[in-house]
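Let's read a protein model together, one feature at a time. The learner asks, the teacher explains.

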Amino acid sequence: MRKFNFSAGPSMLYEEVLRRVQDGLVDYNGTGMSVMEMSHRSKPYEAINADAEALLRELMDIPSDYDVIFVQGGASMQFEAIPLNLSRDGAYPKGDYVITGNFSEKAYKEAVKYGDMVAAASSKDKNFTYIPALSADSFRKDADYVHICYNNTIFGSRFASVPDTGGIPLVADLSSCILGQAVDVRDFSVIYAGAQKNIGPAGVTVVIVKKELANRAHPLCPTMMKWSTQIKEKSLYNTPPAFSTYVATETFKYVKELGGVAAVQKANEKKAGMLYDYIDGTDFYNNPVEKPYRSIMNVTFTSPSKELDEQFAAEAAKVGLVSLKGHRLVGGMRASIYNAMPPAGIEALIAFMKDFERKNG
Ligand SMILES: *Cc1c(COP(=O)(O)O)cnc(C)c1O
């Protein structure tokens, strides 16, 4: 029996997608081989690769003046790729970073090696339980880009709106909310996301980059990190993570069948709303994030004590609600409820929370 997996990533995939992949696992579409064994220069794989881009463009309404590539290295490799791809006339760039959690801090620390970087704003003073107020004045007028992490996977917070950068290109890590909530791609110059939260298995990373910024790589940028390398080769410069991209393509098809991102967002808001309403209605559990900034993808909560937190995660796992232990930086619990978490998982979690409160409250 499948469990309700609340892991922050890798996380649940749609069961229907897994079944479709299973159907084609040994013999994909009559080719006599699996996608894992196929030449990436073959017609069937080229079709999968082309579908991946076309479907993502459709789902996110990506305008034609943006390139879309599928690369390896995870979101973490983009932390370095960003400064290396956004140089200024061959010089290292100036980047302004908004620090709202662990991943934006990591992105900043990598970038510092490659240019004139500043932490323009931070919410570290209150353990990342809010998003700092930002305006065009928050950033250096001559910055080459502003970097944000739109949904903070570990701390369970998110931007309530896209900040005004005063025209400076905005680069955003959407790893844990891509396809889970609608964004207007035109608000961003670069969007990147590892697959293993809302898209598919780990191994493939999506980069969406405005064409006018696609050819600004620093001369020392490794060929494999250069966005233009994969743009020119339609993500097939070298052997791609074919199986991950294939599962991602099947997920894109399925999200489209579900009604697209708007429909999925509505379902996600409902799921998160149920959980937050329950947490807010009891004194036993607490969520520390300021309400306007609460993530609909990662819901953190604590019980009255560390001991009870431990007991909660252990007992929940025994009844099929797994990976609820919070990140070591935050403690408590975290329920990651990405697109593929069914409403039944939320209902089961709330029922367990009530029962646990009754026994230990
Ligand atoms: C998971 C995650 C990452 C790290 O992704 P990798 O693909 O493991 O490098 C970075 N940023 C955010 C927001 C994430 O959720």
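The dialogue below goes through domains, a buried residue, cysteines and salt bridges.

Q: What should I know about the model before I start?
A: This is a predicted model, in which local features need pLDDT of at least 70 and side-chain atom pairs count only at pLDDT 80 or more, while totals for chains, interfaces and linings use all residues. Residues are numbered from 1 along each chain as its sequence is written, and side-chain values use heavy atoms, with hydrogens and water left out.

Q: How is the protein divided into domains?
A: Domain bounds come from an automatic or database domain assignment. Here domain 1 covers 4–12 + 260–360, and domain 2 covers 25–257. Their C-alpha centres lie 27 Å apart. Counting contact as heavy atoms within 4.5 Å, 28 residues from domain 1 and 26 residues from domain 2 take part.

Q: How much area is buried between domain 1 and domain 2, and which three residues of domain 1 supply the most?
A: Buried area is the accessible area (1.4 Å probe) that two parts lose on being put together, summed over both. For this pair of domains it is about 2,300 Å², with carbon and sulfur atoms giving 55%. Val261, Tyr293 and Asn339 supply 25% of what domain 1 buries against domain 2, more than any other three residues.

Q: How many polar contacts and salt bridges are there between domain 1 and domain 2?
A: A polar contact is a pair of N or O atoms within 3.5 Å; within protein, one must be able to donate a hydrogen and the other to accept it, and residues adjacent in sequence count only if both atoms are side-chain atoms. A salt bridge puts a side-chain nitrogen of Lys or Arg within 4 Å of a carboxyl oxygen of Asp or Glu. Between the two domains there are 14 residue pairs in polar contact (both at pLDDT 80 or more), but zero salt bridges.

Q: Which helix gives the most to the side of domain 1 that touches domain 2?
A: Helices (H or I, at least four residues) and strands (E, at least two) are DSSP runs, numbered from the N terminus. On that side, α7 (260–280) and β11 (298–301) each supply at least two residues. The most come from α7, with six residues.

Q: Is asparagine 151 buried or exposed?
A: Buried means under 20% relative accessible area, exposed over 50%, and partly exposed in between (1.4 Å probe, protein chains only). Asparagine 151 is buried, at 1% relative accessibility, and sits in strand β6 (residues 151–152). Its side chain makes a polar contact of 2.8 Å with that of serine 176. Beyond its neighbours within four places in sequence, the contacts of asparagine 151 include Asp173, Cys177 and Met297.

Q: How many disulfides are there?
A: A disulfide is a covalent bond between the sulfur atoms of two cysteines. The rule asks for a pair of cysteine sulfur atoms within 2.5 Å, and the count is zero. For cysteine 177, the nearest cysteine sulfur is that of cysteine 149, 7.5 Å away. Cysteine 177 is buried at 1% relative accessible area.

Q: Where do salt bridges occur?
A: Side chains of opposite charge can pair when their charged atoms come close. The whole structure has 25 salt bridges. One joins arginine 57 and glutamate 53 (2.9 Å, N to O); these are four residues apart in helix α2 (residues 43–60), so about one helical turn separates them. Another joins lysine 291 and aspartate 280 (3.8 Å, N to O). Lysine 291 lies in the loop between α7 and β11 and aspartate 280 in helix α7, so this pair ties together parts eleven residues apart in sequence.
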